[in-house]
Amino acid sequence: MAAKDLFHDAVRKSLLKEQWVITDDPLRIRIEGVRFKIDLAAEKVFAAEKEGRRIAVEIKSFLNNSALSDFHTALGQFLNYRLALQMTEPHRILYLAIPFDTFDSFFQELFVQQAIKLYQLNLIVYDPKEEVIIEWRD
């Protein structure tokens, strides 16, 4: 199983452990001629619902040689997905799911902290081995 798939499953199982109901895996959005099928169908985004609270999750593994490059991709996708959700499902909140080791290292860098604050990223920090969510950051 590819690492990407493994992390996708780990986050999915983590949400299920917290009693979330998975409603779409992946969540597909289409806005007129613009389709988010490729990115959202990359098995990194799925939607869940709990107690009337609806979320969508973009799952990132940060396994490439450059964490900064992975962050650029994640941030760009996050901003595009958030806009698409605002246009189609404005009550659904988007989260970026990142593994704990990446959060505990790269995400502690000043630049990344400022980007999170400026772009108001919601984070789910997960442990891919234990398949649990460690922290929700809104």
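Q: Are helices α3 and α5 roughly parallel or roughly antiparallel to each other?
A: This is a predicted model, in which local features need pLDDT of at least 70, side-chain atom pairs count only at pLDDT 80 or more, and totals for chains, interfaces and linings use all residues. Residues are numbered from 1 along each chain as its sequence is written, and side-chain values use heavy atoms, with hydrogens and water left out. Helix α3 (residues 67-88) and helix α5 (residues 110-119) pack at about 5° with axes 12 Å apart; axes are lines fitted to C-alpha atoms over the stretch in contact, angles run from 0 to 180 degrees between N-to-C directions, and helices (H or I, at least four residues) and strands (E, at least two) are DSSP runs numbered from the N terminus. Angles under 35 degrees count as roughly parallel and over 145 as roughly antiparallel, and the two helices are therefore roughly parallel.

Q: How many residues of the contact of α3 with α5 are charged?
A: Contact means heavy atoms within 4.5 Å; α3 contributes L68, F71, L75, L79 and R82, and α5 contributes F111, V112, A115 and Y119. Asp, Glu, Lys and Arg count as charged, Ala, Val, Leu, Ile, Met, Phe, Trp, Tyr, Cys and Pro as nonpolar, and the others as polar. The contact holds eight nonpolar residues, no polar ones, and, as to charged residues, one.

Q: Which element gives the most to the largest nonpolar core?
A: Such a core joins buried Ala, Val, Leu, Ile, Met, Phe, Trp, Tyr and Cys residues through side-chain atoms within 4.5 Å, where buried means under 20% relative accessible area, exposed over 50% and partly exposed in between, with a 1.4 Å probe and protein chains only. Of its 24 residues, F71, I98, F107, L121 and L123 touch the most other members. At least two residues each come from α3, β6 (92-99), α5 and β7 (123-127). With seven residues, the element giving the most is α3.

Q: Is the pair of W20 and W136 stacked or tilted?
A: Rings of Phe, Tyr and Trp (its six-membered ring) pair if their centres lie within 6.5 Å, and planes under 30 degrees apart count as stacked, over 60 as edge-to-face and the rest as tilted. The centres of the W20 and W136 rings are 5.5 Å apart and their planes are at 25°, so the pair is stacked.

Q: What is the relative accessible area of W136?
A: Its partner W20 counts as buried, at 4% relative accessibility. W136 is partly exposed, and its relative accessible area is 25%.

How values were computed. Parallel < 35°, antiparallel > 145°, perpendicular 65-115°, else oblique.
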